[in-house]
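Hi,

Here is the structure I said I would pass on. Have a look at it first, and my notes on what turned up are below.

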Amino acid sequence: MKKKLIFLLCLAMAQTIVAQTALHHPWQGKKVAYFGDSVTDPRNKAANKKYWAWLQEWLQITPYVYGVSGRQWNDIPRQTGLLKQQHGQDVDAIFIFCGTNDYNNGVPLGQWWDERTTEVTYGHGQPKKTVTRRQRTPAMDPTTYRGRINIALDSLKRTFPTKQIVLLTPIHRSDFFANEKNWQCDESYTNQCGLYIDAYVEATKEAGNVWAVPVIDWNADSGLFPLIDQHGQYFNNPANGAEGTDLLHPNNSGHKRMARTLMYRLLALPCTFE
């Protein structure tokens, strides 16, 4: 009987330890910078509690928010500079949630690499010699989507070499009819380049391999799909095609769903490398 009691006591203690370990999120209490556009911008009124605010509540993450409405990937270096200026290296990780405005403004995709033929010294199992090889370097074209990502991540990797950098793919988008001068159709239409938003989502995923950064696919994983009426409940104003329609910016419920997805995905990623 005594041995049984001791066994049950040890089992209960082990279960308590396991439960406590499981409840401790690796990003708990960290400092995270958020780069991006209107969905991140605290001044955007579509939601008064953005995804980063939910993470602050649930995980006590300190948010450094730099997203600005309407900005594209070519603004990320500016946001990088502001983070460095205001906080130095006192940040644990950086999220970049950008790309939907590049799609809407018809930014060409471009290419990841510029390639040239050059000479290099090489030797393997034989004396070294000069050989001719093709060499690639990141394409730094600020007028293309891939070029902008290259410029931004080159800057980030040099400015914050020890920090975790996470890319978030653009979420699905539907009608946004703000006024006569800002009338954006849904993603079922191509942009001025003849491209669907899928191309920009895929390019963001490709950037993970090009620059050795993790990518969280919010486009798929968040589940938000404003192209059907039933998902209008997650967006700012699902009006019927009139001025004021906003199926582009998530509301509080949409941001909560995004944040919940992000919180669970982050369980698989280290926040720091110390």
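To start with the overall fold: among contacts in the protein chain between residues at least 6 apart in sequence, 72% join residues at least 24 apart. Do bear in mind that this is a predicted model. The mean pLDDT of the chain is 93, with 92% of its residues at 70 or more. The stretch to be wary of is residues 16-21, where pLDDT stays under 50 and the model has 0 contacts beyond four places in sequence. Where pLDDT is low, predicted coordinates shouldn't be read in detail.

The protein chain has 8 helices and 11 strands. Along the principal axes, its C-alpha atoms fill a box of roughly 80 × 70 × 35 Å. There are 274 residues, and 45% of them count as buried. The chain exposes about 14500 Å², with carbon and sulfur atoms supplying 51% of that area.

**The cores**

The largest nonpolar core has 31 residues, and the ones with the most contacts inside it are Trp27, Tyr51, Leu55, Phe95 and Leu262. Two or more residues each come from β1, α2 (51-59), β3, β6 (164-168) and α8 (252-265). Helix α2 gives the largest share, 7 residues. Apart from this core lies another, of 29 residues, which includes Phe35, Trp73, Ile197 and Trp211.

I spent some time on α2. Why call it largely enclosed by the rest of the structure? Because 7 of its 9 residues are buried. Those are Tyr51, Trp52, Ala53, Trp54, Leu55, Trp58 and Leu59. What do they pack against? The buried residues of α2 sit against β1, β2 (62-65), β3, α7 and α8.

Tyr51 is a good residue to click on here. Setting aside neighbours within four places in sequence, Tyr51 is in contact with Tyr34, Val39, Thr40, Phe97, Trp218, His255, Met258, Ala259 and Leu262. Leu262, one of those partners, is also listed with Tyr51 among the residues with the most contacts inside the largest core. At the other end, just after α2, Gln60 takes a positive phi of about 55°.

**Salt bridges**

A search of the whole structure finds 12 salt bridges. I picked out a few of them to go through.

Lys31 pairs with Asp90, the closest N and O atoms being 3.0 Å apart. Lys31 lies in strand β1 (residues 31-36) and Asp90 in the loop between α3 (76-87) and β3 (93-97), so this pair ties together parts that are 59 residues apart in sequence. Both ends count as partly exposed: Lys31 at 27% relative accessibility, and Asp90 at 40%.

Next, Asp102 and Arg148 meet at 2.9 Å, N to O. Asp102 is in helix α4 (residues 100-104) and Arg148 in helix α5 (residues 145-159), so the bridge ties together parts that are 46 residues apart in sequence. Buried or exposed? Asp102 is buried, with a relative accessible area of 0%, and Arg148 is buried too, at 9%.

Then there is Arg134 with Glu115, at 3.3 Å, N to O. This one links strand β5 (residues 129-138), which holds Arg134, to strand β4 (residues 113-122), which holds Glu115, with the two positions 19 residues apart in sequence numbering. Arg134 counts as exposed at 65% relative accessibility, and so does Glu115 at 55%. Besides these pairs, Arg71, Asp75 and Arg78 are joined into one network by salt bridges that share partners.

**On the surface**

Which residues make up the nonpolar surface patch of about 210 Å²? They are Phe225, Leu227 and Ile228. Phe225 is found in the loop between α7 (218-221) and β10 (235-237). At 33% relative accessibility, Phe225 counts as partly exposed.

If you only open a couple of views, I'd go for α2 with the elements its buried residues pack against, and then the Asp102 and Arg148 bridge.

Cheers

Terms used
Residues are numbered from 1 along each chain as its sequence is written. This is a predicted model: local features need pLDDT of at least 70, side-chain atom pairs count only at pLDDT 80 or more; totals for chains, interfaces and linings use all residues. Side-chain values use heavy atoms; hydrogens and water are left out. Patches are made of residues with over 30% relative accessible area and no salt bridge: like charges are joined within 9 Å, nonpolar side chains (Val, Leu, Ile, Met, Phe, Trp, Tyr) within 5 Å. Accessible areas come from the Shrake-Rupley method with a 1.4 Å probe; for residues, only the protein chains shown count as cover. A salt bridge is a side-chain nitrogen of Lys or Arg within 4 Å of a carboxyl oxygen of Asp or Glu. Helices (H or I, at least four residues) and strands (E, at least two) are DSSP runs, numbered from the N terminus. Buried means under 20% relative accessible area, exposed over 50%, partly exposed in between (1.4 Å probe, protein chains only). pLDDT is the predictor's confidence in each residue, from 0 to 100. Contact means heavy atoms within 4.5 Å. A nonpolar core is a set of buried Ala, Val, Leu, Ile, Met, Phe, Trp, Tyr and Cys residues joined through side-chain atoms within 4.5 Å.
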